[in-house]
Each structure stands twice: as C-alpha cells, then as structure tokens.
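Here is a short set of exercises to work through with the model open beside you. Try each task on your own before you read its solution.

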Amino acid sequence: MRHPGYAIYKLTSVINSGETENSDTIIAKALLSIRDEIEGRSMDDIAAEFFVSQAGISRFIRKLGYKNFNEFKSDLQASAFHMRTRTPVIGKDYESASEDLYEEMKRVTEGIRTLNRKDVLKTFEGLKKYKNIYFIGSELSMNILRLLQLKLISQGKNVYTICKERYQAETLNKLTDDDLLIAVSMGQRWYVSIADELKSKKRHGRRILWTVSEDHQDRDQFDRVIMIGHTDDPNIGYHYLMQFAMILYQMM
C-alpha cells in the first residue's frame, strides 16, 4: 500500500535529482503543476499543453512504478488531496508558529526520552560487529539514513540502503549469516512481496526492525524490534528516525 503522498513525493524526487532539464524533469514539473486539476485532464491535452509526447508521459509513469496513466492519475489526485487537507493554504502567523515551536521542541524531547538505552547500545554493537549491513525501507527512510550509511562506509563496512521492492525481496532471499538486515517501517504498511519473503522458511542473517508501531504486523519475523519512538503518525515517525540516525552517527 502506497503512502497517500507518494505520487507527489515521486514527482519532486525526479525534479530534485535531475541533472538537466530533460524529458523526465519536464514531465514531472508539468504533472506537479496540474496536480489539483488532474481529475479532468487527459494524457492527450497534457501532452499538447506542455509540448511533450503521450509516449513520453507513458514511459515516465511506468518508471515511477505505475501500470498506466489512469492508475497514476488516481494516485496523484489522492496525493494532492492529502497534501491540501493536511497543510493549510495560508502560512502561519508569528504567534502560531511560536506556539508550534514550543510543542515541537517538547515532542522531540519526549521522543528521545522514549528510546530504550539498551536498544540503542545493542544497535550500536550490531553496526560495529557486521561487515555487510543492509537497510531496507521507503525511499524517504533510506534518504534519511544516507549520512549514517556514509559514516559506516568510511569505517570499512559495506552498507546498502535499498528502497526498491524487488531488490528488497532479492536481498532478503540472499542474506547470509554474516549479514545484518535492518528494516525500517513507520507504520503497519509493508510491501506484500517483502512480507511474504519475511515469512519464508529460509532464514539467514541477523534481522532487526526499526519502527514506531508497537503493533507492527511483522514484528515476529525479526530477531529484535527497536522502537525508535511511539506514534501513529508516519510523518512524526520519520522525525524520530532522523533523531535516532543522528544519535548513532555521533556514536560510531
């Protein structure tokens, strides 16, 4: 199941990572600009308005992982609605922002306090012990872990942050007893193919789950579950992940 903001996240990722103004970035910008009116748009009129080909739009949408334009269109519409309903159109005034700053600082402090010291030290020991470390999770989770990945690589380890579903399943299938797998999940959601692979009888390597959900449906498939925070909101979960990653970064 995709996060409700997935389509917009994918479009902005293409735009942000573009090295030139190529066809993919042009199409991504076009689709992002009409996100609030996508329901009434056809691929034909989008191609005509932005001077791109329908074939180019189709190829681009498949690159994002969608089967066809209608599937993407539906997801982008839901993604735009999610963004509008979660974020006010008009920015906050100074007084409101000040109140939010206080609440956010309090939440950050509470998040750090919920960390189990023993869990943090066990995670540190695992990162020190294993030569090959595989992180799997969403693209956003893996991006958050990039600094920690580079720090570990600088210490002579082989560290991978894998966000593609098929590659994650292959990784689970090929683990050896010398490998450490750390799966990052901010909620109950999980790729179906990953869940199936987790339940496979073939089991090698050390498996750790980092999560903010005490009721994660696959927690029994891991050797250890590390609670990096406690929340039902995945967005706050990513905030806790950043804190946890930076604590480990400073410890390494």
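## Warm-up

K122 is partly exposed, with 39% relative accessible area. In this scheme, buried means under 20% relative accessible area, exposed means over 50%, and partly exposed lies in between (1.4 Å probe, protein chains only). The model is predicted, so local features need pLDDT of at least 70 and side-chain atom pairs count only at pLDDT 80 or more, while totals for chains, interfaces and linings use all residues. Residues are numbered from 1 along each chain as its sequence is written, and side-chain values use heavy atoms, with hydrogens and water left out.

## Exercise 1: A salt bridge within a helix

Task: Find the salt-bridge partner of K122 and say how many residues apart the two are.

Solution. Step one is the partner: K122 forms a salt bridge with E125, with their closest N and O atoms 3.9 Å apart. The criterion is a side-chain nitrogen of Lys or Arg within 4 Å of a carboxyl oxygen of Asp or Glu. Step two is the spacing: K122 and E125 are three residues apart in helix α7, so about one helical turn separates them. Helices (H or I, at least four residues) and strands (E, at least two) are DSSP runs, numbered from the N terminus. Step three is exposure: E125 has a relative accessibility of 46% and counts as partly exposed.

## Exercise 2: The other salt bridges

Task: How many salt bridges does the structure hold, and which parts of the chain does the pair of R224 and D119 link?

Solution. Start with the total, which is seven salt bridges. Next, look at R41 and D45, whose side chains meet in one of these at 2.9 Å, N to O. R41 is buried at 12% relative accessibility, whereas D45 is partly exposed at 28%. Then go to R224 and D119, whose side chains meet in a salt bridge of 3.1 Å, N to O. This pair links distant parts of the chain, with R224 in strand β5 (residues 224-227) and D119 in helix α7 (residues 117-129), 105 residues apart. Here R224 is partly exposed at 22% relative accessibility, and D119 is buried at 12%.

## Exercise 3: A lysine without a salt bridge

Task: K151 has no salt bridge; what does its side chain reach instead?

Solution. First place the residue: K151 belongs to helix α9 (residues 146-154). Second, check its charge partners: K151 is buried, and E125, the nearest side chain of opposite charge, is 18 Å away. For this count, Lys and Arg are positive and Asp and Glu negative, with His and the chain ends not counted. Third, look towards Y249: the K151 side chain reaches the backbone oxygen of Y249 at 2.8 Å. Such a polar contact is a pair of N or O atoms within 3.5 Å; within protein, one must be able to donate a hydrogen and the other to accept it, and residues adjacent in sequence count only if both atoms are side-chain atoms. Fourth, inspect the ring: the charged end of K151 sits over the ring of Y249, 4.1 Å from its centre. That label requires NZ of Lys or CZ of Arg to be within 6 Å of the ring centre and within 35 degrees of the ring normal. Finally, leaving aside residues up to four places away in sequence, K151 touches Y249 and M252, where contact means heavy atoms within 4.5 Å.

## Exercise 4: Aromatic pairs

Task: How many aromatic pairs does the whole structure have, and is the pair of Y134 and Y160 stacked or edge-to-face?

Solution. Begin with the search, which finds five aromatic pairs. Y134 and Y160 make a stacked one, 5.0 Å centre to centre with 20 degrees between the planes. Y134 is in strand β1 (residues 132-136) and Y160 in strand β2 (residues 158-162), so the pair ties together parts 26 residues apart in sequence. The rule is that rings of Phe, Tyr and Trp (its six-membered ring) pair if their centres lie within 6.5 Å, with planes under 30 degrees apart stacked, over 60 edge-to-face and the rest tilted. As for exposure, Y134 is buried at 17% relative accessibility, and Y160 is partly exposed at 33%. Elsewhere, Y6, Y66 and F72 form one aromatic cluster.

## Exercise 5: An unusual phi

Task: Where is F51 found, and is F51 buried or exposed?

Solution. F51 lies in the loop between α3 (43-50) and α4 (54-63). Its relative accessible area of 76% makes F51 exposed. Now read the backbone: phi of F51 is near 60 degrees, a positive value in a residue other than glycine. Most residues other than glycine have a negative phi.
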